[in-house]
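The report below describes selected features of one protein model, with its terms explained as they arise.

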Amino acid sequence: MFSDFQRQDDKREVSKTDFDYEAHLKTINEELYKRNVELAIKNKTLSLLQKLYEVSVLVLEPKLLAAKIVKLIQAELDFELVQMLLCNRDKDRLESMKLAVSSRFKNVLAENNCSLDEIKIEGASTHYFFAPVVIDKRMNFSEGITAPFSGCFDKNILEKLNFDTPIKALLAHPLMIENEVIAILLLAINRPYKDLIEFERQSISSFINVISVALDRSFIYQKLKIANHKLIIANDRLRELDKLKSEFISISSHQLRGPLTVIKGYISMILEESFGKVNRDIKKVLQDVYYSNEKMIGLVNELLNASRVERGAVTLVFEEGDLNKFTAAIIKELDWKAKQKKIDLSFKPAKIPPVFFDVDKMRHAIYNVIDNAIKYTDKGGVEVVTKSIKGKIQIRVKDTGIGVTQDEKQKLFKRFTRGDEALRLHPEGTGLGLFLVKQIVEGHKGKVWVESKGRYQGSTFYIEIPVNLKLKKVLTKI
């Protein structure tokens, strides 16, 4: 009897053990299924993120980017609808950028003769469904499509569309940059929102951030592209105006040079007493007129030369010559100006090889630099040195004059530009002299620059041109 009871107890124990084992196995299977689902979602999300990154790098046009993004998301996650709506704050309106739909939802739209491609949702900030997304900057969802698209279709059509559609929930995510909603991403799924597991919701949030950054980048690119286009138009217009200005200067200078040359000729004849004896006092006045006229001719010539350079109409004729003899002749010509100001003008030539250069243009360049040095030096003097350095000839003009500031160094060789102190001391200059020097020297494949420790600490101008013994007589334009 006791043994019968014992056997019954053993059976109960086995039965209890079997029951616990099955429950435990069921729990494990459920957990494994959950993990498999999460793993599948994770893999899909990672794949989608990688593709979104690739698209964001390769595509910069906003509409093309939106088209590729919605197509990618719809294909990868099999959503019924993926649509990007641009947030137009000025008009308080949401405008469709691009959408992608499943074949199921596409058939429903076609059967009801409806399209979502060009929809506009007016009054976004007060819209029943979209206001929380635009104003509160938070995700919103609806069961079905009635709430989001109310006002876009006739009420009866919308109800029929909602009844026929496979969409069970529609999610609206704000796409934000710097806490401002720039667009909204609509995601339509074929099951209720409550059926989405937390892992799925987190996965959606992860690619929302990537899309926001990509879209912002494309908008910046679009703004830069528009700004660049405007700059191109403005630049073309400036070139046109610059050309007209050069033509005007050229024509005006030619018209001015004729009368000035006549004036110079007649004054010269009067001073030479070709028309009879001239009173000494009158002669003195006429000499002042003559020098002023010479300055005007020099100014007109500078304007003409600058105009020719800008139009590419200056031709350089290279001939072999000795820059030492050439520079010495210019110094001899300017010596009287230095003596008049009671400053020293010295020349220290080094042994240098012959070099090819345009005699007239190089004379203008070297003359201008030495003349400027004398003009802006009141004490001390000007020293001119030639030197041969690694296949180049360097002419150095060092003075003890007004000096050049760091700011002036950056703009001294530009058109119509002069240093502040130079402008104060000699307001009659054009600011074209050093501009022409630069063009001439660069036309010789050389370079020109200035060094100075600052105001009233003197300046040193350098002209450097290459030695090319193989160069024959050639023509080139600057």
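Which residue just after α12 takes a positive phi? Lys445 does, with a phi of about 60 degrees. The model is predicted, so local features need pLDDT of at least 70 and side-chain atom pairs count only at pLDDT 80 or more, whereas totals for chains, interfaces and linings use all residues. Residues are numbered from 1 along each chain as its sequence is written, and side-chain values use heavy atoms, with hydrogens and water left out.

Helix α12 itself, spanning residues 433–443, is mostly covered, since nine of its eleven residues are buried (under 20% relative accessible area, with exposed meaning over 50% and partly exposed in between, for a 1.4 Å probe and protein chains only). Among these buried residues are Leu434, Phe435, Gln439 and Ile440. Helices here are DSSP runs of H or I with at least four residues, and strands are runs of E with at least two, numbered from the N terminus.

The largest nonpolar core (buried Ala, Val, Leu, Ile, Met, Phe, Trp, Tyr and Cys residues joined through side-chain atoms within 4.5 Å) has 36 residues, of which Ile73, Met84, Leu185 and Phe207 touch the most other members. Each element tabulated here supplies at least two residues of this core.

| Element | Residues |
|---|---|
| α1 | 2–58 |
| α2 | 62–77 |
| β1 | 81–88 |
| β2 | 93–101 |
| β5 | 169–177 |
| β6 | 180–189 |
| α6 | 198–271 |

The largest share of this core, eight residues, comes from α6. A second, separate core of 35 residues includes Ile330, Ile331, Ala365 and Ile395.
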